[in-house]
Amino acid sequence: KQNLAWMEMLGEGYIALSDNGWTDNELCLEWLKKCFNPATSSVKNQYRILIIDGHQLYITNKVLQFYIASKIILLCLPAYTTHLLQPLDVGPFRPLAAAYKAGVQEHGFLNPVYNVDKLEFLKIYKTARLRGISKENIIKGWRNSGLEPLNPSIVLNLLPEREEVDKTIKRLLSPNSSNLGNLLYSLYNLANLVNLSNLYLASLT
């Protein structure tokens with residue numbers, strides 16, 4: 001009944017459930033079969049590319065078999081680079097989040113204690129989606145991530161200079177830096193940014 005109520009509110013699309021509320025291997029495969037594959041298979045017998053953030057759900061044995069059978073090429077982005085390279089992060093997600101926040105504020109304007117239930121979430125999200133995920137924002141996401149049209153310099157210009165990276169590493173390794181977790185996270189993030197720069201430069205030669 002709850003699923004039917006959600007679909008009546010949403011009008012179109014797909015809704016899937018899991019025991020713990022998070023996506024899992026089975027839901028990932030179902031998404032590929034029912035959403036991604038039909039939406040991108042307009043030209044038969046042609047390869048397609050799927051850009052992901054490297055999450056393990058996208059690289060299970062069953063999923064990999066589906067990629068091969070469906071002629072889907074998988075492109076895994078380096079860790080901690082989706083804010084630079086993932087078109088959704090660079091384009092539609094920010095205006096979508098802003099539109100959703102505005103929708104929540106509009107619905108709770110006269111109520112100091114306003115809780116968003118599942119139906120209210122879909123109602124607000126449906127409107128926010130129309131505002132945030134526009135053709136203009138989608139095109140902007142691909143362009144500003146340097147993917148379409150291909151322009152690596154857009155991302156390379158956002159990366160820190162080598163001198164800045166060295167200064168950050170020295171600061172983190174100083175005796176005054178006592179947070180080991182932040183140190184390891186920052187070093188890992190910087191290493192991926194350097195790796196990203198090297199990959200881009202290699203692609204230009």
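What follows is a walk through a predicted model of one protein chain, from its overall layout to its core, rings, surface and loop.

The chain has 205 residues, and 27% of them are buried. Its secondary structure consists of 11 helices and two strands. Read from start to end, these elements are arranged as α-α-β-α-β-α-α-α-α-α-α-α-α.

The interior is a good place to begin. In soluble globular proteins, nonpolar side chains tend to be buried together. In this model, the largest nonpolar core is made of 11 residues: Cys28, Leu29, Leu32, Phe36, Leu50, Ile52, Leu57, Val63, Phe66, Tyr67 and Ile72. Helix H2, strand S1 (48–52) and helix H3 (61–70) each contribute at least two residues to this core. The largest share comes from H2, with four residues.

Helix H2 covers residues 25–40, and it can be followed from the core towards the solvent. Phe36, one of the core residues, has a relative accessible area of 11%, so it counts as buried, the limit being under 20%. The ring of Phe36 pairs with that of Trp31: the two centres are 5.8 Å apart and the planes meet at 35 degrees, so the pair is described as tilted. Trp31 has a relative accessibility of 35% and is therefore partly exposed. This ring pair thus joins a buried residue, Phe36, to a partly exposed one, Trp31.

The same helix, H2, also holds both partners of a salt bridge, Lys34 and Glu30, which are four residues apart, about one turn of the helix. The closest N and O atoms of Lys34 and Glu30 are 3.4 Å apart. Why does this pair count as a salt bridge? The reason is the distance: 3.4 Å falls within the 4 Å limit between a side-chain nitrogen of Lys and a carboxyl oxygen of Glu. The count for the structure comes to one salt bridge. Both partners are partly exposed, Lys34 at 45% relative accessibility and Glu30 at 33%.

Aromatic contacts occur elsewhere too. The structure holds three aromatic pairs. Besides the tilted pair of Trp31 and Phe36, there is a cluster in which ring pairs link Tyr100, Phe121 and Tyr125.

On the surface, Tyr47, Ile49, Ile73 and Leu75 make up a nonpolar patch, with a combined accessible area of about 400 Å². Leu75 belongs to strand S2 (residues 72–76). With a relative accessible area of 34%, Leu75 is partly exposed, and this value passes the requirement of over 30% for a patch residue. Tyr47, another member of the patch, has a charged group over its ring: the charged end of Lys71 lies 5.4 Å from the ring centre.

After strand S2 the chain enters a loop that leads to helix H4 (82–85), and Ala79 is found there. Pro78 is found in this loop as well. Are these two residues buried or partly exposed? Pro78 is buried, with a relative accessible area of 17%, whereas Ala79 is partly exposed at 24%. The loop can also be placed against residues from earlier in the sequence. Ala79 and Gly54 are 25 residues apart in sequence, and their C-alpha atoms are 7.3 Å apart in space. Pro78 and Ile52 are 26 residues apart along the chain, with 9.5 Å between their C-alpha atoms. Ile52 is also one of the residues of the largest nonpolar core.

Conventions. Residues numbered from 1 in each chain as written. Predicted model: local features only at pLDDT ≥ 70, side-chain atom pairs only at ≥ 80, totals over all residues. Heavy atoms only, no water. Buried < 20%, exposed > 50% of the residue type's maximum accessible area, 1.4 Å probe, protein only. Patch = residues over 30% accessible without salt bridge, like charges linked within 9 Å, V, L, I, M, F, W, Y side chains within 5 Å. Areas by Shrake-Rupley, 256 points an atom, 1.4 Å probe, with all protein chains shown as cover. Phe/Tyr/Trp six-rings, centres within 6.5 Å; stacked < 30°, edge-to-face > 60°. Lys NZ or Arg CZ within 6 Å of the ring centre and 35° of its normal. Core = buried A, V, L, I, M, F, W, Y, C linked by side-chain atoms within 4.5 Å.
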